[in-house]
Amino acid sequence: MNRDSNNKIVLLRIRGDNKDFTGLVDLLDEVLRESDGDDHTFFAQFNKLDGESKVVVAYMNNIPAGCGAIKKYSEGIAEIKRMFVKPEFRGRGLGKNILKELELWAKELKYSECVLETGKKMEDAVRLYRKFRIRNY
């Protein structure tokens, strides 16, 4: 668990079947359905998580505000998946904190690098990922 007392952010590493995570993913899927349009069914097949996935949920003032996950992509490489911050919590550093926690967890799990992918239409995500730059260890 990671706390930032100034913003009352708590990051929890949890299971993928946690109701707070699944609720956030349902909201993310609504956003993606709208963003992807006719291509949603094609892109949705790549958004699946499995039992090996590691999930982080960010809470602000005890409210589930954002999430992300890592799963094995290939030998030694983790993929960052299901990154989402509710619109009302954006601009407070939650996405950056979630990415940092996922990167730390990947390092602890002995992954040598992380990859991520997003659509061009997800402009907020593209900006965050360009600023953050997932690093090799």
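Let me begin with a definition: a residue counts as exposed when its relative accessible area is over 50%, as buried when that area is under 20%, and as partly exposed in between. With that in hand, I turn to the salt bridges of this structure, which is a predicted model.

The structure contains seven salt bridges. I shall discuss several of them in turn.

Consider Arg 15 and Asp 17. Their side chains form a salt bridge, with the closest N and O atoms 2.8 Å apart. Are these two residues buried or exposed? Both Arg 15 and Asp 17 are exposed.

The next pair is Arg 13 and Glu 101, also joined by a salt bridge, where the closest N and O atoms are 2.8 Å apart. Arg 13 belongs to strand S2, residues 9–14, and Glu 101 to helix H3, residues 94–108, so this pair ties together parts that lie 88 residues apart in sequence. As for their surroundings, Arg 13 has a relative accessibility of 33% and therefore counts as partly exposed. Glu 101, in turn, has a relative accessible area of 9%, so Glu 101 is buried.

A further salt bridge links Lys 81 with Glu 79, at 3.7 Å from N to O. Which class does each partner fall into? Lys 81 is buried because its relative accessible area is 8%, and Glu 79, at 11%, is buried as well.

Finally, which residues are joined into one network by salt bridges that share partners? They are Arg 13, Glu 101 and Glu 108. The network thus includes the pair discussed earlier, Arg 13 of strand S2 and Glu 101 of helix H3.

Methods:
Residues numbered from 1 in each chain as written. Predicted model: local features only at pLDDT ≥ 70, side-chain atom pairs only at ≥ 80, totals over all residues. Heavy atoms only, no water. Salt bridge = Lys/Arg side-chain N within 4 Å of Asp/Glu carboxyl O. Helix = DSSP H or I, 4+ residues; strand = E, 2+ residues; numbered from the N terminus. Buried < 20%, exposed > 50% of the residue type's maximum accessible area, 1.4 Å probe, protein only.
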